[in-house]
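Student: Could you show me how to read a protein model, one feature at a time? I would like to start with a single side chain and work outwards.

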Amino acid sequence: MFRRILCATDGSKRSAHAVKTAAALAHGSGALLTLVHVTPDYRTPYYPDGVMSDWPSEKDYKRDCKAAAEKVFEKDSSLALKEGVQVETQHLFGDSPADEILAAARKAKADLIVMASHGRKGFEAL
């Protein structure tokens, strides 16, 4: 049925449910499961004259984001491994998570993308 399944994850409870669902689908079809976590690109803030702020360097930002992504992958990979599926991970940087997820799915030749809802309801969802 499926050979490659991509699951977008951000470490939330909703995301963990998506990982469990993707892992069950991967287990049932013998598919490879790819977990993808997208972090916003580094931005240097603009401050008017006279305003001072301690802002991390790009190197520090990327190091800290990588560490945060590894924590997400560690937790979510263990959920998938309980299902007995092969897991690979991708940490990506980009300002549009949707674009990065779609590009990763194309590159991996994924048959299916699994992801959670953002959880907003009503007016917030607009």
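Tutor: Gladly! Keep in mind that this is a predicted model. Let's begin with F93, which has a relative accessibility of 24%. Buried means under 20% and exposed over 50%, with partly exposed in between, so F93 counts as partly exposed.

Student: F93 has an aromatic ring. How do I describe a pair of such rings?

Tutor: Two values do the job: the distance of the centres and the angle of the planes. The structure holds two aromatic pairs. In one of them, the ring centres of Y61 and F93 are 6.4 Å apart and the planes meet at 50 degrees, so this pair is tilted.

Student: Which parts of the chain does the pair of Y61 and F93 tie together?

Tutor: Y61 belongs to helix α2 and F93 to strand β3, so the pair ties together parts that lie 32 residues apart in sequence. Ring pairs also bring in Y42, giving a cluster of Y42, Y61 and F93. And look at the face of F93: K62 lies over it, 5.2 Å from the ring centre.

Student: Let's zoom out. How many helices and strands are in the chain?

Tutor: The chain has three helices and four strands. Starting at the N terminus, their order is β-α-β-α-β-α-β.

Student: In which order do the strands sit in the sheet?

Tutor: The four strands make an open sheet, arranged β3-β2-β1-β4, with parallel pairing. β3 (87-93) and β4 (112-114) are at the edges with a single partner strand each, so one side of each has no neighbour in the sheet. On average, neighbouring strands are turned by 25 degrees against each other, direction ignored.

Student: What links β2 with its partner strands?

Tutor: Count the bridges. β2 (residues 32-39) pairs with β3 over seven bridges, in the parallel sense, and β1 pairs with β2 over five, also parallel. You can follow this across the sheet at T34: this residue stands opposite E88 in β3, while L6 stands opposite T34 in β2.

Student: Where do the helices go?

Tutor: Helix α1 (residues 13-29) packs on the sheet and touches β1 (4-8), β2 and β4; the directions of α1 and β1 make about 175 degrees. Helix α2 (residues 58-82) lies across β2 and β3, at about 155 degrees to β3.

Student: Is β2 covered on one face or on both?

Tutor: Here is the general idea: in a regular strand the side chains alternate between the two faces of the sheet. In β2 both faces are covered, with L32, T34, V36 and V38 buried on one side and L33, L35, H37 and T39 buried on the other. Eight of the eight residues of β2 are buried, so this strand is largely enclosed by the rest of the structure. For the whole chain of 126 residues, 33% count as buried.

Student: Can we finish with one buried residue? Which residues is H37 in contact with?

Tutor: H37, in strand β2, has a relative accessible area of 11% and is buried. Setting aside neighbours within four places in sequence, its contacts include T9, D10, A69, V72, F73 and H91. H91 is a nice example: H37 and H91 are 54 residues apart in sequence, but their C-alpha atoms are 5.0 Å apart in space. Such long-range links show up in the chain as a whole too: of contacts between residues at least 6 apart in sequence, 74% join residues at least 24 apart.

Key: Residues numbered from 1 in each chain as written. Predicted model: local features only at pLDDT ≥ 70, side-chain atom pairs only at ≥ 80, totals over all residues. Heavy atoms only, no water. Pairing = 2+ DSSP bridges. Helix = DSSP H or I, 4+ residues; strand = E, 2+ residues; numbered from the N terminus. Axes fitted to C-alpha atoms, helices over the stretch in contact; angles between N-to-C directions. Contact = heavy atoms within 4.5 Å. Phe/Tyr/Trp six-rings, centres within 6.5 Å; stacked < 30°, edge-to-face > 60°. Buried < 20%, exposed > 50% of the residue type's maximum accessible area, 1.4 Å probe, protein only. Lys NZ or Arg CZ within 6 Å of the ring centre and 35° of its normal.
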